[in-house]
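User: Hi! Could you walk me through this model before I set anything up with it?
Analyst: Happy to, let's bring it up.

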Amino acid sequence: MRGRPWRFLLSAWPWRALAYDLGSVVVGLAWLMLLALVLGIGLSTVILVVGLFVLAAVPALAHLAAVLERRRLRLVLPHGTEESGERPSLRESWRVQRGLPVAWSEVGHLVLLATLGWLVGLLAAAVAAAPVILLLAPWLADDDVIDFAGWRIDSGPEPWMASALGLVLLVVAAYVVTWLACGHAALTRLLLDPSDARLAEAVAAVRRSRSGLADAYESERRRIERDLHDGVQQRLLALTMTLGSAELEAEGPTLTLVRQAHEQAEQALAELRTTVRGIHPRVLTDHGLTAAVHEVADRSPVPVHLGLALDERLPAPVEAAAYFFVSEALTNVVRHAGAGSAQVHAWTESGSLVLTVSDDGHGGAEPRPGSGLEGLRLRVEAMDGSMRITSPPGGPTSVRMTCPLP
């Protein structure tokens, strides 16, 4: 509207604004009737307690109206209410809303929509209809006399004068209709969109929650590691020593059974040590991420080329997340990629750790629900990081992790 008039008049914006205004009439009247019905039933039956449940549905209706209005706002504010990522469906939004406190701004929006919203739309329709009537005056005057704001248009040059005036008023109406639609949409957005303070508070709460979950997971993991290392592993070690002593005294068929039991106990002890090392390797705690990644690469049956530009120790939660990222990614390379070699690169950039694992396999890797890649993504996001997968059919595959350093 602030640009050149001819560009605005020839664009779709006046028509979009008119559609929004006319839609406000229909939507506003529909909500007015529904709200009057709910309030009427609720107030008339409140003495029977049933009315309380009916009145309790008003916030839910207000949320439904807010969800629909946010989508309708795209007519005049295409990018004003969209969030990045996939939008939730109406059913998902309704399900989430049931567990949230009452949003009084949404209730206020519903009241305004049902009382003033349709009146604004009706005013815009009247403004748009006036120049149209004047434009058609030469043809309408042939059948009857036209009364327009006290001006009687019947015959002669008056219909053509009215048509010329209607052309001028049509330009004015385009601006007025668009201005009414933008004002209505701006007020709606103000009521439905959270303020910066509320949004910042919500984001901070989500980050605290995610950080708390990550810390709780880390504490539980260390407890399991300690119990396995100090409890089960020591018992298995004692069992192997007992069976070794029994081998020295056993004879005949008993000796064969004792040897088999000794071998199975040693295998179980080796598997337990591998499991404990996989939960949280001691080398990661003692020497840091670089040494731990070297150990993972040495155990991999696929040749791994390392490029780790990490000069100092990173925070423990970040090191743990990065270690398991490398470990799981290389496990996927061995099991699914059919690769001949892999590469691991890590460096710090702009206060974040960047880590990539790539291979020359057949590609086609996707983070399906329940898969290892999906678990990696959730773990990285719990650290407020992000993960990106590039894996076209035929390869190569590259998995990139970016995690901010606290």
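**Strands, cores and salt bridges**

Analyst: Let me start with E5: this strand runs antiparallel to strand E7 (residues 397-404), and eight bridges join the two. Please keep in mind that this is a predicted model.

User: Thanks. Which residue in E7 is the bridge partner of aspartate 359?
Analyst: That is threonine 397.

User: And how does E4 pair with E5, parallel or antiparallel?
Analyst: Antiparallel, over eight bridges, with E4 covering residues 342-349. One of the bridge pairs is glutamine 343 with serine 358 of E5. E4 and E5 form a hairpin with two residues between them. Serine 350 sits in that turn and has a positive phi of about 55°.

User: How many residues of E5 are buried?
Analyst: Eight of the eight, so to speak the full run of residues 352-359.

User: Which of them point which way?
Analyst: Ser352, Val354, Thr356 and Ser358 point one way, while Leu353, Leu355, Val357 and Asp359 point the other way. Side chains in a regular strand alternate between the two faces of the sheet.

User: OK, on to packing. How many residues are in the largest nonpolar core?
Analyst: It has 37 residues, and Leu289 and Phe325 are the ones with the most contacts inside it. The elements giving two or more residues to this core are helix H11 (282-287), H12, helix H13 (316-337), E4, E5, helix H14 (372-382) and E7. H13 provides the largest share of this core, 11 residues.

User: What is phenylalanine 325 in contact with?
Analyst: Leaving aside neighbours within four places in sequence, phenylalanine 325 is in contact with Leu355, Val357, Leu376, Val380, Met387, Val399, Arg400 and Met401. Leu355 and Val357 are on the list, and both belong to the set that points the other way from E5 along with Leu353 and Asp359.

User: What about another core, how many residues does that one have?
Analyst: Apart from the largest core lies another of 11 residues, among them Ala65, Val107, Leu113 and Ala114.

User: Switching to charges. How many salt bridges does a search of the whole structure find?
Analyst: Four. Here are some of them.

User: Go on, what does arginine 72 pair with?
Analyst: Arginine 72 forms a salt bridge with glutamate 69, and their closest N and O atoms are 2.8 Å apart. Both lie in helix H4, three residues apart, which is about one turn of the helix. Arginine 72 and glutamate 69 are both buried.

User: And arginine 70? Which residue does it bridge to?
Analyst: Arginine 70 goes to glutamate 106, with the closest N and O atoms 3.6 Å apart. This pair links distant parts of the chain: arginine 70 is in helix H4 and glutamate 106 is in helix H6 (residues 104-135), 36 residues apart.

User: Why does arginine 70 count as partly exposed, and glutamate 106 as buried?
Analyst: Arginine 70 has 22% relative accessibility, so it counts as partly exposed. Glutamate 106 is at 9%, so it is buried, as the cut-off for buried is under 20% relative accessible area.

User: Is there one in H12 as well, and if so, what residues make the pair?
Analyst: Glutamate 295 forms a salt bridge with arginine 299, the closest N and O atoms being 3.5 Å apart. Both lie in helix H12 (residues 289-299), four residues apart, about one turn of the helix. Glutamate 295 is partly exposed at 27% relative accessible area, and arginine 299 is partly exposed at 41%.

User: Now the surface. Which residues make the nonpolar patch of about 730 Å²?
Analyst: Val46, Ile47, Leu48, Val49, Val50, Leu52 and Phe53. Valine 46 is in the loop between helix H2 (13-44) and helix H3 (50-55), and valine 46 is partly exposed at 34% relative accessibility.

User: One more residue: where is leucine 64?
Analyst: Leucine 64 is in helix H4 (residues 58-72) and is partly exposed, with a relative accessible area of 26%. Its C-alpha atom is separated by 9.5 Å from that of leucine 110, which is 46 residues away along the chain.

User: Finally, what are the overall numbers?
Analyst: The protein has 14 helices and seven strands. Of its 406 residues, 34% are buried. About 24,100 Å² is exposed, and carbon and sulfur atoms supply 63% of that.

Conventions: Residues are numbered from 1 along each chain as its sequence is written. This is a predicted model: local features need pLDDT of at least 70, side-chain atom pairs count only at pLDDT 80 or more; totals for chains, interfaces and linings use all residues. Side-chain values use heavy atoms; hydrogens and water are left out. Buried means under 20% relative accessible area, exposed over 50%, partly exposed in between (1.4 Å probe, protein chains only). Patches are made of residues with over 30% relative accessible area and no salt bridge: like charges are joined within 9 Å, nonpolar side chains (Val, Leu, Ile, Met, Phe, Trp, Tyr) within 5 Å. Accessible areas come from the Shrake-Rupley method with a 1.4 Å probe; for residues, only the protein chains shown count as cover. A salt bridge is a side-chain nitrogen of Lys or Arg within 4 Å of a carboxyl oxygen of Asp or Glu. Two strands pair if DSSP finds at least two bridges between them. A nonpolar core is a set of buried Ala, Val, Leu, Ile, Met, Phe, Trp, Tyr and Cys residues joined through side-chain atoms within 4.5 Å. Contact means heavy atoms within 4.5 Å.
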